[in-house]
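Thank you all for coming. I would like to walk through one structure with you, beginning with its ligands and then turning to the chain around them.

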Amino acid sequence: MMKAVCIIPAYNEEKTIADVIDVVKSVDIINKVIVVSDGSTDNTATIARNHGAIVYELKENKGKGAAVKIGVDNADSELILLLDADLIGLTKEHVVDLLNPVLRDEADMTIGIFAKGRFATDLAQFVAPHLSGQRAVKKEIITKINNIDITRYGIEVALTKSVEREGYRVVNVELKDLTHIMKEEKLGFRKGFAARMKMYWDILRCLKM
Ligand SMILES: O=c1ccn([C@@H]2O[C@H](COP(=O)(O)OP(=O)(O)O)[C@@H](O)[C@H]2O)c(=O)[nH]1
Ligand SMILES: O=C(O)[C@@H](COP(=O)(O)O)O[C@H]1O[C@H](CO)[C@@H](O)[C@H](O)[C@H]1O
């Protein structure tokens with residue numbers, strides 16, 4: 001059976017990274033967990049290593065797209081599971097549900113959509129499902145994207161655009177009771193809001209790419 005490599009880009013996620021890795025490692029179909037610490041200044045990398053992930057450390061923060069690219073360059077599987085490091089409530093079932101449509105050849109990429117978790121994060125993903133970072137995706141789809149290393153938060157939009165252009169099959173998967181830590185919760189309201197505006201800018205830039 002096809003195995004998958006899980007790639008987790010992580011920028012200062014010491015509070016949540018361990019739980020995410022532990023769940024992913026308990027899933028049989030996953031044969032490697034790669035964490036790319038994107039210039040983290042906290043204990044993200046050490047914790048990830050202690051929990052059995054293969055860790056690549058960027059000296060400086062290069063953005064999510066660059067972190068994912070390093071993971072993909074080092075992934076020896078045709079199937080990639082992309083997960084964010086700040087998930088709360090991840091289960092084995094979520095992971096399997098994301099992978100199954102691709103393993104069964106019903107999809108080339110899945111997009112995980114939060115549902116019945118927290119109102120704010122459910123609503124964000126209901127309004128903009130194309131932004132979700134939880135995906136199972138064939139490696140060939142990711143490697144076809146030009147300049148993925150400069151996309152930062154535009155990586156999901158770039159992925160979705162590429163899939164539409166090339167005619168790949170996409171299936172949305174409901175991920176019940178799953179949420180993540182919002183930027184304003186991580187950074188405080190002012191910094192979080194500024195980070196959100198920067199993220200929207202990355203997304204707009206990649207919509208035009
Ligand atoms: O410069 C960055 C920004 C974010 N991330 C990671 O990308 C994922 C999604 O980012 P974030 O949680 O900030 O996005 P949100 O879900 O809040 O929009 C998380 O695992 C982050 O740690 C990263 O590797 N580099
Ligand atoms: O769902 C969304 O609107 C954004 C922002 O989430 P929050 O408002 O911080 O909960 O989060 C996603 O968007 C980013 C850009 O596509 C992705 O990189 C993140 O993985 C994803 O959680």
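Which polar backbone atom lies 3.4 Å from an oxygen atom of ligand 2? Before I answer, please keep in mind that what you see is a predicted model. The backbone atom in question belongs to Lys183, and the distance of 3.4 Å runs from there to an oxygen atom of ligand 2. Leu131 also offers a polar backbone atom, which is 2.8 Å from an oxygen atom of that ligand. With His180 the contact comes from the side chain, where an N or O atom is 2.5 Å from an oxygen atom of ligand 2. As for how much of this ligand is covered, ligand 2 on its own has 510 Å² of accessible area, and the protein covers 95% of it.

Let me now describe the surroundings of ligand 2 as a whole. There are 14 residues around ligand 2, and those that come nearest are Lys64, Asp84, Leu131, His180 and Arg196. Sorted by class, this shell holds 6 nonpolar, 3 polar and 5 charged residues. The space that ligand 2 takes is the largest pocket. Two elements give two or more residues to the shell around ligand 2, namely helix 5, which spans 119–127, and helix 9, which spans 189–208. Helix 9 gives the most to that shell, with 3 residues.

We can move on to ligand 1, where Lys183 appears again, this time through its side chain: a polar side-chain atom of Lys183 lies 2.5 Å from an oxygen atom of ligand 1. Tyr153 likewise places a polar side-chain atom 2.6 Å from an oxygen atom of ligand 1, and an N or O atom in the side chain of Asp86 is 2.8 Å from an oxygen atom of this ligand. Taken alone, ligand 1 exposes 520 Å², of which the protein buries 91%.

The space taken by ligand 1 is also described as the largest pocket. In the shell around ligand 1, the elements that give two or more residues are strand 1, at 4–10, and helix 8, at 183–187. Altogether 16 residues surround ligand 1, and the closest of them are Pro9, Glu13, Asp38, Tyr153 and Lys183. By class, the residues of this shell divide into 6 nonpolar, 3 polar and 7 charged.

Turning to the record, an unreviewed UniProt entry places a feature called "domain: Glycosyltransferase 2-like" at residues 6–120. In the model, the end C-alpha atoms of residues 6–120 lie 26 Å apart, and the span is 35% helix and 28% strand.

I will finish with two details of the backbone. Most residues other than glycine have a negative phi. Asp105, although not a glycine, has a positive phi of about 60 degrees, and Asp105 lies in the loop between helix 4 (92–103) and strand 6 (109–115). Arg152, too, is a residue other than glycine with a positive phi, in this case near 50 degrees. Where does Arg152 have its place? The answer is the loop between helix 6, at 139–143, and helix 7, at 155–166.

Terms used. Residues numbered from 1 in each chain as written. Chains lettered and ligands numbered in written order. Predicted model: local features only at pLDDT ≥ 70, side-chain atom pairs only at ≥ 80, totals over all residues. Heavy atoms only, no water. Near = heavy atom within 4 Å. Polar contact = N/O pair within 3.5 Å; in protein donor to acceptor, adjacent residues only side chain to side chain. Areas by Shrake-Rupley, 256 points an atom, 1.4 Å probe, with all protein chains shown as cover. 1 Å grid on protein atoms, 1.4 Å probe; cavity = no way out; pocket = protein on both sides within 12 Å on 5 of 7 lines; lining within 4 Å. Sits in = over half its atoms within 2 Å of the grid points. Helix = DSSP H or I, 4+ residues; strand = E, 2+ residues; numbered from the N terminus. Nonpolar A, V, L, I, M, F, W, Y, C, P; charged D, E, K, R; others polar. UniProt positions renumbered as here; feature names shortened; annotations may be inferred.
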